[in-house]
Each structure stands twice: as C-alpha cells, then as structure tokens.
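Hello,

Please find the structure below. My notes on its backbone follow.

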Amino acid sequence: MGSVNNAALTCVHLLSSLAATPGTEPEMTELSGLFVEKPQSTIAIKGKEDLLQWKDSHTDITFVAKVDSSTLLRKPALKWLKGKWLDLGSKAGKHLQFKESYDRDSKIYTYEMKIVKVVDGDAGGYRCEVTAKDKCDSCTFDITVEAFTGMGEAGEDEGELDFSGLLKKRSESKQEEPKEEVDVWSILKKAKPCDYEKIAFQYGITDLRGMLKRLKKMKVEPKKCDAFLKKLEAAYSVDKGKKIQLTVEVANPDAQIKWLKNGTEIKPSAKYVFESVGNKRKLTINKCTLADDAAYECVIGEDKSFTEVFVKEPPVTITKLLDDLHVVVEDKVEFEVEVSEEGANVKWMKDGVELARDGKYRFKKDGKKHWLIINEASKEDIGMYYVFTNGGESKAELEVEDKELEVLQSIADLTVKAAEQAIFKCEVSDEKVTGKWYKDGVEVKASNRIKMVHIGRIHKLTIDDVKAEDAGDYTFVPDGYALSLSAKLNFLEIKIDYVPRQDPPKIHLDTTGSMVNKNTIIVVAGNKLRLDVEISGEPAPTVCWTKGDNVRKCCGPAWADTAPPSVHLWLLPQVITETEGRVRVDNRKTLSSFVIEGAERGDEGRYTITVTNPAGEDKAELFIKVVDVPDPPEGVKCMGVGEDTATIIWEPPKFDGGSPIKGYLMERKKVGSSRWTKLNFDIYESTSYEAKKMIEGVLYEMRVFAVNGIGVSQPSCSSKPFMPIAPTSEPTRLTVDDVMDSACMLKWRPPDKIGAGGIDGYIIEYRKEGGGLERRSTWSFPSRSAVARGLTGRSLSNECPQFQLLPRQLEHSFTHKHTHTQSLLDIAQGKPRPVVNWFKDDEPLDPKKVSVRTTEVDTILFIRSAERDHSGTYTLSVQIENMEDKASFEIRVKPGPPLAVRVTDVWGFNAALEWKPPKDNGNSDISGYIIQKADKKTKEWFMVYEHNRRPNCTVSDLVMGNEYVFRIFSENICGLSDEAGLSKNTAVIAKTGLAYNRPPYKEKDLNTSPKFTQPLQDRSVIAGYSTAISCSVRGRPKPKIIWMKNKTIIGEDPKYLMQNNQGVLTLHIRKPSLFDGGNYSCKAVNELGEDVVECKLEVRGASATRSPVAAVLLMHDG
C-alpha cells in the first residue's frame, strides 16, 4: 500500500511539470444554446483585505449561469465541474456553496456557485454543463488566484479541492524528487523503451511525453530519511462521525513538526488536536466528515511522511417500518417507509421480484421518506412487499378484496290502470354492474312496449300501455352478484256501475308485499314508502289519514263526472298539498296512496285510514316500522393484555335500528397511524374479543362496528391506548423466616420470568386453614412477596403436582395455498410429561412428507413444501397414563379444474354450457365457478360469469360470425384452481343472409429506405474488459452496414467483431484500451437511401478502481 501511495505522489509530481502555462484561455463551446448567461473567467486577489487588518484574508467569488427552459419539457440538470472529471456537487459545504432559483414569468433557471475564502488550490479551469433530455450545452471558465501580499493563513476547511496546489508544491522542491521515487519508476528505468507504453497504461499514466522527460531527469539517488524513527502508515480508514489518530516517532524529541492536509498546513483547533509525548507526535481528527477524506503529511525540516485517510459512510437503516395494508379493488395503495439518511436509494420488491417503474408502480421520495404507490389495486397485487437498503429491510403484506355491491335505492311495488305506464327503478353502488330483469322467474325481453335502460348506477324498466297480463312479480338480478331486488306490479281494473246506488265504503287492504305480518309495514330509513290502498263505495267516499290522534291529511275525490259530495282538505300540523311535502297523501277515484319520501325514525307509528260516505264508514289501522343501521357500540375498552394479545369488551348500541343486532366488526391501529386494520371479516356475535398477533411494546387503539340486517353502523369511539406486554411469572421459594405473636416474617425469590412491564410490587395474601384467601396488603418497594404483580396482572404461585392437559384450540381449518411452507405449533402441557402422537386421516404420519418435532413445552408439525396430497384432517393425540385428549384440524388447498366442459346447445346469439364438478375439491366445498369466453380470431379471454354456483350456464350476447371456446375455473375458500377446464367443442354463431365480396388483392410495395428503430447508446467501460454496442435497423432491400470510429471506417481489424442478426447490429470490441474511446457510428445504405446513428464510448483506466493514483491523474488530465 505504501508503494502505491508513493507512486501516486510521484505521478502527481510528474504531471505538475506538465501543467499548462498561465495566460492561455480555454475555448468556449456552444452545443444547443441553452445558456442565457454564462459564467466568466475571474482573477481573485488573495490577501487584499490584510490592509484593513481583517481576520479573514481571503476573497469570496460568485459565478452565475442562467438557462432558458421555455423550449424544454422538463427541468434541466446542471453540473459544476473542475478540470475534466471532478464533480463539485459532492464537495458542497463551507468552502463551496450552491444556489438555484426559478423565474416563472421568464421561465429562466438561475444557478449560482460561490467559493468562500479563495485559496491557491481553487485556481484552474472549470466547466459548467447543462442537460435536458436530448439537449445539452456547456461552457468553460478560469479562476486565477494572485497574492496581494505574502501574508495569509489557510483556514480549517481549506484544501478540500487543493489538488492543483498539491501538484504545484511538488514541482517547487526539486531536492525532494529522489525521496518520492517508488517502484514504478524503478520498473521504468530497468524496462526496455518498447515496454514503456505498456507499463504506463498498467499504472494509470496517460502523459507519455511527460513520463519520458521525467525519466531523463531522474539521476539523483534517494537519500535515507533519519528524522523519523517510525513513519505514518500508508493509509488509514475511519467511519464517518468517528475520530482517528495519526502517530509518528521522531529521532529528535525537540524537533518541530508541521501537519499538512492536501498541502495546506493544519492549525490546532477543536477538530484537530496536536499531542507531543516523548518521541511521539500525534494528530487527532475529531468527528470525521467526507471533507476529511484527503492526503496528510508530517514535515520535519525537509523530511516528510505521507498517508491517505479514507472516510466511510455508515449504512442506511430503516427508522420507520412498513405497515400491512388491507384495501378493496381499485383503491389506491401507498406503502411508506422512512430511512436514516436523506436522498438514500432503496429497492422495492414483491414476492422476491424487483419492481420496476412503469404504469402500474410509482416511486416517490421526499427527504428521508420513500413511498411505493399503486394507483388502482387488483387481486394480482396481493402479496408480500419488501423494501431494502444497504443496512436493513422491511416487509408488509397487502390484502385486496372485492367490492361489495350496495343497493342505494330498491324497486317499489306499483299499482297501475290499463293503458298507463309502469316504471321500475333501482340504484346500485357500482355503475359498471349490468343485470337482467325477470317477470315471475322468466327473463324480460325488450320490445316496442317494454324498454330496459342502464344509465350510470340507475337501472330502469319501463312498460308502456300496461295490460292485464303484465301484472306479476318483477325481479332485477345484477350480473356476478348473489343479490336480487323484487317488486310487484298490480293491475287495477276499473269497473263502471251505471246503476245508481249507495254502497257503504270499504277498504281493500293488501297485506302482501312489504308487510312482515298483518297490517305491519317495514321500511328502511332513507327509502321511499308508497302505500296504495284500494277503496270502494258509492258515492265516492271521503278519505282521512291519521297518525295516532293527530289528523295527518284529509281530502275527497278529485274528479267531477257526477255531482260528488264536497271535498275538504285539513292540514295538521302544517299545510301539505297533494304534490308537495315529504309526507303526503295522493288520492284517486278508487285508490288512496300514502307516500313518505326518505323515511325517518320519527315516521314510525300507528296510522289509521278512515273512509266515509252517506252509506257508512270503514276504518283500517297500519303500523309502519322504520328500520335503520344501529347506533355505534359504546364503552370500548381493554380489559387485559398479554405478550401479543389484548381482550376488548364493549356495550351493545342503545338503538339497534329496529332490527336485531347480528354481530360486530372490529378494527385496530397503531397510535400515531391513520390506517385501520380489520380484525374479522365474518360477523362476531359476542361483546368481548381477544385480538391477537400484536407487537409487544406498541400502543394500539380499537374501535367496533355494529351490524344488523340493514347494514353496518358508524364506528364507535376509539378505546384508550393500550400496550401488549408479556405477563410475569410467580415468585419462587416462599418460606416463613420468623414467627411472632401477631406477625410473621416471609422471604421469597423474585419471579423467574419478568415481563416487559417489570414489577411494580407484590401482593401478600393469607388464609386460615380450611378458609378462603384474604388480601392482606400491597407492596411497591423491592420486598419479596408471595404473589407478584406486574403491569399485566397477577400471577399465582402453584407448585402442587397435578395433571394438566392444555392443548391449544385446534378445532378449525387451515386454508393454505400449496407449494408454500406450512408450520403449525401447538402447546401440549401436562404433568407428568405427556406422550404426543400425530395422525392424518386416522393413519400415522409419513415421516418422508411431514416432519414432527416435540419438546417439553410444545410440538411442531412442519410441511416444507405443501402439495395437494397434504390436504386432509390431522389429529393430535396427547396421552398421560390412562388419560387422553385429542384435537383435530384440516388443511385445505385450491381445487382442481372442472371436468367434461362442453357446449350443449347453440341458438341465436346464445350458447348453453354444462360441466362436472372437479375431481378434487381441495378438501373444501366448491363455492362457485368463473366462466370466460374467447373467439378464435383474437384468442383474448373475457369474463362471462363470476361465482356461478350451478354446473351449467347460458352465455348470451355472442357476436355473429365468430367461433367461441370457453374455459371454466373452479373456486373454493382457498381461491381459484390453477388450471381451467376447456370446452371440448366450440360454439359457432352462424351468419344469416350475408355474402362477403372479397376486394381485389393489391400487392403492397414493401421497399423502404433504411431506418434505425433502436439507436446506439452511450457507454462507459473499464479498460481491459470486452464490451459491445448494439442497434437495430430495418429496410428493404437489405441495407449494407458500415461501422465507423471517429468518422473512419472500421476495416477487417481483428479487435472488432461485427454481427447482423435479423436486423440487430452488434459491434464487439475485444479488451478495449484507453485509445479505443471516441465516437462510434453505424451507417445503413441501400438504393432508396441511408441512415446513421452515433454514440460515445468512454474507456476508463482499470487502475481507477484499485488505487487513488488514477483519480489524481484523471483530474489533472481535465
């Protein structure tokens, strides 16, 4: 390592002699004219402020560049470079400061670079580059540093970029040249002149002419250094933020030394501490940063000792982990993670596959936070998502479930007369859902008189000119959902009696439809209620509706064929006309309709309809019951916690909405998070629940929803935050140490296991012999008591030998996809130790398929790779002497495909399908089938039915002239079958009465000029490693391909291999050297024209990745 560093310094000294002479100005380059204002060359006068006796003896310089973005599609990127390679953006700090601003009116970006306290090392050539997609521009400028006086001291942070100063200082001392000779020069001195070029490339020397001049001057032999007994090590490495100590031993204890950083003397400060102990001299660098990554020297007179300090950055860790998410289809998903460093790179993966930035996945970062965004979630997005950094990882699970279809407005019963119009209308939550109308179980077909309309979420069935045969039960069934909406159409026949007579009034109350029992009507809150009551009587009776003792509305008939009795309208408690108001009465000749728009809880009660005429009176009573979703549960609180569990209780809602409470749904979230996680998808009937799979030491909140026959209530108030904590075991070795007249001294040992909450104190209990326990006192100091209490509750000591058989509850089924690993853990406790046996379908387990491990406290059943034949009933038997207990569970897998799928009939645009259930149902009932169709032209599969429960179906709306094939997936609780059952035959929808006239064939001219479909890409490679550049071209006739380097045709050079595979052109370059870099172009020529593409190949020195020598040489080369 020491020889490499000395070689680097020697190369630096060599290149300093070849530095460009002052006074030469670089040429300005303009590529696409993006710059509005360019930075200008500047002469900085160092030390001019000394005349005013300022402490700071340096000058600040600011360079400004302005870029016009009016023609750009995105924000341009600008880089400040020193020399050819050094990017100054990584050196931002106290010495270099960068600023950026944007003017929205002129669309001009302004970039500023400020150099604070200019030093000699800042002198040199600089370059400013701006790029924006396919456009770029650059300009160069110089900084010349001139000394006003000889005074001035270097600051603490100077020298970060002082490579030029380092080079100049090496050239000023000719007497030190022999001390810097290392092996590379001894190799050159001993080598033949024909091998100089090979050795130069091997050690990263690019200036061959300067190397030869240097070899001619190397005649002085190196002197032996007597000032140092022990020099610095060749290199030191230190972590960012840590401190490092450099130590040398000198021969003369009184010798004065200097410490230099990048050729600039270091002054003592809080960061740099100097120590002198005997012959040892120490330099301590506190809180190392990236600016401390530099070359250091220790100087005694003319003797020097060199070293390099490398500062390593710490790994990026994850400070905020991912949270599991549960969403429905088409919801937006956002995974959020926070890392320890700003601007750090992270990698997102799903189920072991890295995610790429495309239309489905988007990545976002802001400071330390990173997001993975999925705009519209689907079932395919279910899985485990991972995020990786170079110092950690986190994972979270995404669950996606289907949307539930909600009925926003149901259809209502109608009573119409002949020749009138009947309209059934309903509204569902999803506007994409289609459906069918049925009358008495038969599908309704559209005609001139019957029309079916689907607009957004509203489905409407309109029947014009109603006839007697139109009466019946009408049902709307949404496609793909096990849901139906029904209503009745009553046809009202009008009979005209021409014989004048007086008939007493009569109320004909229909007790069918929405009546659950006699004269009781149930309506859902928010829905419309229309109660049509037929009345009869001659003359036409007067109708009066009342609620309780209050008259709601009274009106007589609204027709005047004969001389009817007078009609009166009484409005209580507010004026309600026949066409206004939420609660109203609509009367016709033989029909009185009671209407409630948007039923409310206050509308519930007993209603009376009274009809009177001169011949008598009739009365009927109705009870309208308004049902609604229940109120939210109350009093949600945590009653106890465990290591990863918590017991939650709550009170039922005060109002059940008029329908019995069916159960409850629970959700939980972490304190500080806004995402709630569902704990159960099936309705839970009890008012206490034990939440599991929680993280110990994390605060949680819970809330509960109540469910009745109408729907789900609003969430309850969140419970007080609680934290799962492991319980504490009982104290041990309880003994009576001393007995007195009215007291005794007890001693005991602390519990063997202390939970995360620690011990708050102990509770002492005693009892008389034969009596019950009595609580004596509670202690909160470190005394030793018989019963210990921690934050999680009390644990009782129990050392009496007894039989315990406490297996975990296994009376349930395990649903698992096959090909995954399955591990089941059960606790089998008992004294003495029980005998554990496992069985599958009442047969002993096969040890080749299933592994079982039993310890003193548990037994584990492990299936490494789950397969279909692993499904079945597993039984765990625990036996102690003549006592035995058993527990069973089932493992289910996905089903097999349906069998014997065939097309049984084809008529019109319809086809009938039949199939048989799968041979293997995966140890679970088949919940339905998914039917898909595809025509043989496009071979694209489209959904026909989802969750079809019968082994047959009818496919409608097929396209005439197409031939269709069908496939069917079976489904159980585990999911869809991996394979589908394909139909044995096809359904051909024949054309009728059509003849196809084939147009005359016209031959197309396929000849085209050459056109590159994929251009060449710029490449940057390392010398000595073979590479290739590729592009693709099309054209007819086949074009001739010409490869060129720097506009010169590449001939039959064995270093290059040219290939053409179906229009894909590849140029292989074998082990490129630095001279192989340049502009490469590919030209395609045929008789119709030509096309050219170009790229830039950059070849870097191989030694740049192994030593700091190449870094110094490349920078100086710029």
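**Backbone notes**

P539 sits in the loop that links β40 (529-538) to β41 (542-547). Strands here are DSSP runs of E with at least two residues, and helices are runs of H or I with at least four residues, all numbered from the N terminus. The bond leading into this proline, from E538 to P539, is a cis peptide with omega near 0°.

Before you read on: this is a predicted model, where local features need pLDDT of at least 70, side-chain atom pairs count only at pLDDT 80 or more, and totals for chains, interfaces and linings use all residues. Residues are numbered from 1 along each chain as its sequence is written, and side-chain values use heavy atoms, with hydrogens and water left out.

A cis bond also joins R1036 to P1037, with omega near 0°. P1037 falls in the loop between β79 (1027-1036) and β80 (1040-1045).

Next, the positive phi angles. Which residue in the loop between β70 (928-935) and β71 (942-948) should you look at? That is K939. K939 is not a glycine, yet its phi is positive, about 60°. Its relative accessibility is 64%, so K939 counts as exposed. Exposed means over 50% relative accessible area, buried under 20%, and partly exposed in between (1.4 Å probe, protein chains only).

Q1062 is in the loop between β82 (1056-1061) and β83 (1064-1069). Its phi is about 55°, again positive, and Q1062 is not a glycine. Q1062 counts as exposed because its relative accessibility is 79%.

Best wishes
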